[in-house]
Amino acid sequence: MVAGMLGTIESCSLLGVDAFRVAVEVSVDGGLPRYEVVGLPNASVREGAVRIRAALKAAGHDLPNKRVTVNLAPADRRKEGAAFDLPIAIGVLIGDRQGTPAPVDGLLVVGELGLDGSLRPVRGVLAAALLARQRGMRGVLVPAASAAEAQAVAGIDVYAAAHIGEIRRALLGEAPLPRPEPAPPATPAPPEGDAGDMADVRGQALARAAVEVAVAGGHNLLFVGPPGVGKTMLARRIPTVLPPLSDGEAVDTTKVYSALGLARDGLIRARPFRAPHHTVSTAALLGGGSPPRPGELSLAHNGVLFLDELPEFSRVAIEALRQPLEDRQVTIARVRGTVTLPASVMLVASANPCPCGWHGSPDRACTCTFGAIERYRDRLSGPLLDRIDLQVHVPNVALSDMRSAEPGESSAAIRARVVAARARQARRLAAFGVATNADMGPRAMRATCPLTARAEAALAKLHRTRLGLTGRGIDRVIKVARTIADLAGDDVIDAPAVLEAASYRALDLDPVADARRVAGA
């Protein structure tokens, strides 16, 4: 809309992975020529004057030789990024009476301008489209290269231009706003990267079973064993047995990647698998910066975060995972405000039993001192291990198994059981607002995890004999047992499921007994 020589365009800015509304008010008045932006803009917004002047000139209209004042409201929130180039340029055209605002009324506008007038993609287009739908707007106007992101949001119109000249012609009534080609139908995506197949894994029956249980229930998993036994190989094949993303999960996952400018082809359909190096900083792992942006944990949202050689990571970084693993989100507090980032991940990690890697192995003697082993294990705190549902020892594979021509069970067969088990969980837990057993709260557990009398007796015995098993550990045993029952198609949890779940907590021992066992080894 326009009032006198004032053009107002609806736009937005990012905070974390979500967008908030920004009204771009552009006043074009007489007086000494000047371009000024107010409303807490950062340097990239202020520098837009150079891009806007060159782009408008390329479209046949120079920046007016007048006083141009841009206000970004609300004025008390910092604005950053080049996405305001397009709404400011449109505001200048409207404020200079170079067309009617009708074509862009009810549209949320974002886009970066090139010096030749071309429109370049920007971060957060998916969040912008979601904001437009939430506010009841009729649609969005975005760069053509970002159209696929916006089209992932149903219920709004999407307009996409490749050049500012197309928009100027629409404002002048010479042509309609351009519309992108319809998005192709969604198809299931293959796992990211060259993940291989679980059939490649020889032996390791316990570890393979643990992978199936972990994926079926969304449980965290830790492999412990000497080097070269297949821990990393198993972990990197987990994407091949993950169930497909639902539509809601795909939108949530893509929104994270969109906020970093990594979602140019529409919705992400494959569950993410992130494997940061052990030198990753805490901010890069959890998210941070100014303004805060998602880290590896959020990039693994609805997928897998794999931490290979877990004790080699910074203790500060991995201990910072404790709360996000419980809350399924990361909260970053800064002086200017608090940002919450999504972080619903399946944590998969691997570790050696000692610095040399051979403690407890029958195949090779360990060269580490007791003190070195103790310091190595101290890098992983009890509270962190308590949040890892399955802790599995991975032994060396016999030569006969390694050289066997008989392949292991395929990923497709395992995935079919996982999908069936997840479907059972989704139906059972729909009333509680969660989708997997790992996400169950106390109320959901009481309502959906009935134990037989034999299972109750087995759990009581575990509580008496496993002194390192905390209250949280008991809850996690029950959750894993619930998943084992789901894989078997059982409605009630029986003793074998409880005992199998407990067997997957290999490191969950009484610390004193564990120290004595190590000292005597």
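## Sheet, helix packing and backbone outliers

Q204 sits in the loop that links α6 (164-171) to α7. Its phi is near 55°, a positive value in a residue other than glycine. Most residues other than glycine have a negative phi, and most peptide bonds are trans. A second backbone feature is the cis peptide bond between A73 and P74, with omega at about 5°. P74 belongs to the loop between β5 (67-73) and α3 (85-95).

**Confidence.** This is a predicted model. Mean pLDDT over the chain is 89, and 92% of the residues reach 70 or more. Strand β6 (residues 107-109) has the highest confidence, at 98. Helix α22 (residues 511-520) has the lowest, at a mean of 39. Over residues 509-521 pLDDT stays under 50. For that stretch the model has 15 contacts beyond four places in sequence.

**The sheet.** Five strands form an open sheet with parallel pairing, in the order β12-β15-β18-β11-β19. The edges are β12 (273-274) and β19 (390-393); each has a single partner strand, so one side of each is left without a neighbour in the sheet. At one of these edges, β12 pairs with β15 (residues 304-307) in the parallel sense over two bridges. F273 stands opposite V304 of β15.

Helix α7 (residues 205-217) lies across three strands of this sheet: β11 (221-224), β18 (346-351) and β19. Its direction is at about 165° to β19.

**Helix packing.** Two packed helices are described by the angle between their axes and the distance between the axes. Three pairs are listed here.

| Helix pair | Axis angle | Axis distance |
|---|---|---|
| α7 and α20 | roughly 100° | within 9 Å |
| α20 and α21 | roughly 120° | within 8 Å |
| α19 and α21 | about 30° | 7 Å |

Take α7 with α20 to begin. The axes of α7 and α20 cross at roughly 100°, and the two helices are therefore roughly perpendicular to each other. From α7 the contact uses E212, V213, A216 and G217; from α20 it uses V480, T483, I484 and L487. By class, the residues of this contact divide into five nonpolar, two polar and one charged.

Next comes α20 (residues 471-488) with α21 (residues 495-503). Their axes cross at roughly 120°, which makes α20 oblique to α21. The crossing is right-handed. On α20 the contact residues are V477, V480, A481 and I484. On α21 they are A497, V498, E500, A501 and A502. This contact counts eight nonpolar residues, no polar ones and one charged. V480 and I484 appear in the contact of α20 with α7 and also in the contact of α20 with α21.

The remaining pair is α19 (residues 453-465) with α21. These helices pack at an angle of about 30°, and are therefore roughly parallel to each other. α19 supplies R454, A455, A458, L459 and L462 to the contact. α21 supplies A495, P496, V498, L499 and A502. The classes are nine nonpolar, no polar and one charged. V498 and A502 take part in the contact of α21 with α19 and also in the contact of α21 with α20.

**Linking the parts.** The elements can be followed from sheet to helices. α7 lies across β11, β18 and β19. α7 also contacts α20. α20 in turn contacts α21, and α21 contacts α19.

Key. Residues are numbered from 1 along each chain as its sequence is written. This is a predicted model: local features need pLDDT of at least 70, side-chain atom pairs count only at pLDDT 80 or more; totals for chains, interfaces and linings use all residues. Side-chain values use heavy atoms; hydrogens and water are left out. Two strands pair if DSSP finds at least two bridges between them. Helices (H or I, at least four residues) and strands (E, at least two) are DSSP runs, numbered from the N terminus. Contact means heavy atoms within 4.5 Å. Axes are lines fitted to C-alpha atoms, for helices over the stretch in contact, and angles run from 0 to 180 degrees between N-to-C directions. Angles under 35 degrees count as roughly parallel, over 145 as roughly antiparallel, 65 to 115 as roughly perpendicular and the rest as oblique. A crossing is left-handed if the near helix is turned anticlockwise from the far one by less than a right angle, and right-handed if clockwise. Ala, Val, Leu, Ile, Met, Phe, Trp, Tyr, Cys and Pro count as nonpolar, Asp, Glu, Lys and Arg as charged, and the others, Gly among them, as polar. pLDDT is the predictor's confidence in each residue, from 0 to 100.
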